[in-house]
Amino acid sequence: MTQPVTLPLWAFVLILLFAGVTFASHFLFPSVRWFFRRRAERVIARLNERLQKPIEPFKLARRYDMIQRLVYDPEVTQAIVEHARSNNIPENVAFEKAQWYAREIVPSFSATAYFTVGTRLARWISKSLYRIRLGAFPRETLEALDPDATVIFVMNHRSNMDYVLVTYLVSRAGALSYAVGEWARVWPLSSMIKMMGAYFIRRRSRGDLYRKVLARYVQMATAGGVTQAMFPEGGLSLTGRSSKPKLGLLNYITTADLKDRDVIFVPVALNYDRVLEDKFLIAADKKGVRRFRPPLMTVVRGVSWHLWQRITRRFDTFGAASVGFGQPLELSKFRDTVEGDLTEAVAAELMTRINAVIPVLSAPLVADALLQGATTRDAVLAQVQNSIAQLKDRRMVLPRRDAGALVDDALRRFADRSLVAQTGAELAVTEAGQDILAFYAASIAHHLGRDIENSAT
């Protein structure tokens, strides 16, 4: 037993490696995980003291445990059996597929990443690109919401900046869990987004098994009180107007068994003086294809130009970005007033409340005036003043600046982008400007009773 044993060097190194891995996995890693988990718990405790809505235990559960809970859910298990039977495959193969779906959907939320990196980065990006304006805000109503209810922010989708802007504005209220599309499943963006608490959705998936896994996750999160944010339109607006809502996620929520927990939908409306993706959205609308990816060189040139403007201190933001909050919809009370399909009624009512508080900004107002036929600066000013007077009668939240300054700023921005040409005192919308101005004017057309498509022709 005490005799020496001669081993090749490679075998000795291999034994040491296995011994090190075993020691780490059985002794070192558990201790390290315990140490960091204790630190994370202290961070979360401090955060919950200043948040209006504390972070929910559901959101803090280990991702592995959440995945196991999801795939072993009775409804998901039944869907696995049915998928195996209908596709003539073994149940263990169907189970692996469901588990893969669950790993794709379930986020790995990090409170430290969200509040120390995410919200600060969102604040910096938002304030460096735009002048942030708060539109309609029923403060007393929002502060009086049931603290035990699940709050879901339902928003129109104007730009990918929507995620950043809303994250910044509600950072003091709590942590949002976004439903994001397939565009965000690119490494390393996917890992970062999951750490921020977002969950992925396959917009084009029609498989019953996938839909059941997604439905049960959304329902579990809702029952667990997780504050969520969603875009019922399902994608960016290609025209500037709000699109018809898609019912999938809303249906999962309205049909969930939430026991004693209520769901409160908070309508959120966003608008911008400049949507960064406007040209790509308009081009996608003309092609009739929702998939749009800007060419790499176009992105590089745009970023380079923006950085040069910042270096030379010529960048003066992209104008204003504004967020308005509508009257909350309490599902328990609204359900009693509906006779037909509940999901369709909720979707229609939410879009009505969102459209009612879409912010009115200078670029849409001036774009509307130009499309109505104004051909001089004074004519644009008169049209804008008329629109403002009309909107004041409806008690809309309007831009704070003087109408003259508002018009001059918007016309300057349009001229810089070659959307408007000026000859002497005469203004003319350029060919490139027709579609883009119509895109911006459409965002407030419903406030003014306009038919933008006819106005732009």
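**Strand β6 and the aromatic pairs**

In this predicted model, both faces of β6 are covered: Val263, Phe265, Pro267, Ala269 and Asn271 on one side, and Ile264, Val266, Val268, Leu270 and Tyr272 on the other, are all buried.

User: What makes strand β6 largely enclosed by the rest of the structure?
Analyst: Ten of the ten residues of β6 (residues 263-272) are buried, so the strand is largely enclosed.

User: Which strands pair with β6, and how do you know that they do?
Analyst: Pairing requires at least two bridges. Strand β2 (residues 150-155) runs parallel to β6 and is joined to it by six bridges; in one of these partnerships, Val154 is matched with Pro267. β7 pairs with β6 in the antiparallel sense over five bridges, and Ala269 stands opposite Gly324 there. Strand β8 (residues 329-330) is also antiparallel to β6, with two bridges, and Ile264 has Glu330 as its bridge partner.

User: Why is the pair of Phe137 and Phe325 called edge-to-face?
Analyst: The ring planes stand at 80° and the centres are 5.4 Å apart. Planes over 60 degrees apart count as edge-to-face, and centres must lie within 6.5 Å, so the pair is edge-to-face.

User: What does the pair of Phe137 and Phe325 tie together?
Analyst: Phe137 lies in the loop between β1 (131-134) and α7 (139-143), and Phe325 in strand β7 (residues 320-325), so the pair ties together parts that are 188 residues apart in sequence.

User: Why does Phe325 count as buried, and why does Phe137 count as partly exposed?
Analyst: Buried means under 20% relative accessible area, and partly exposed lies between that and 50%. Phe325 has 8%, so Phe325 is buried; Phe137 has 33%, so Phe137 is partly exposed.

Methods: Residues are numbered from 1 along each chain as its sequence is written. This is a predicted model: local features need pLDDT of at least 70, side-chain atom pairs count only at pLDDT 80 or more; totals for chains, interfaces and linings use all residues. Side-chain values use heavy atoms; hydrogens and water are left out. Rings of Phe, Tyr and Trp (its six-membered ring) pair if their centres lie within 6.5 Å; planes under 30 degrees apart count as stacked, over 60 as edge-to-face and the rest as tilted. Helices (H or I, at least four residues) and strands (E, at least two) are DSSP runs, numbered from the N terminus. Buried means under 20% relative accessible area, exposed over 50%, partly exposed in between (1.4 Å probe, protein chains only).
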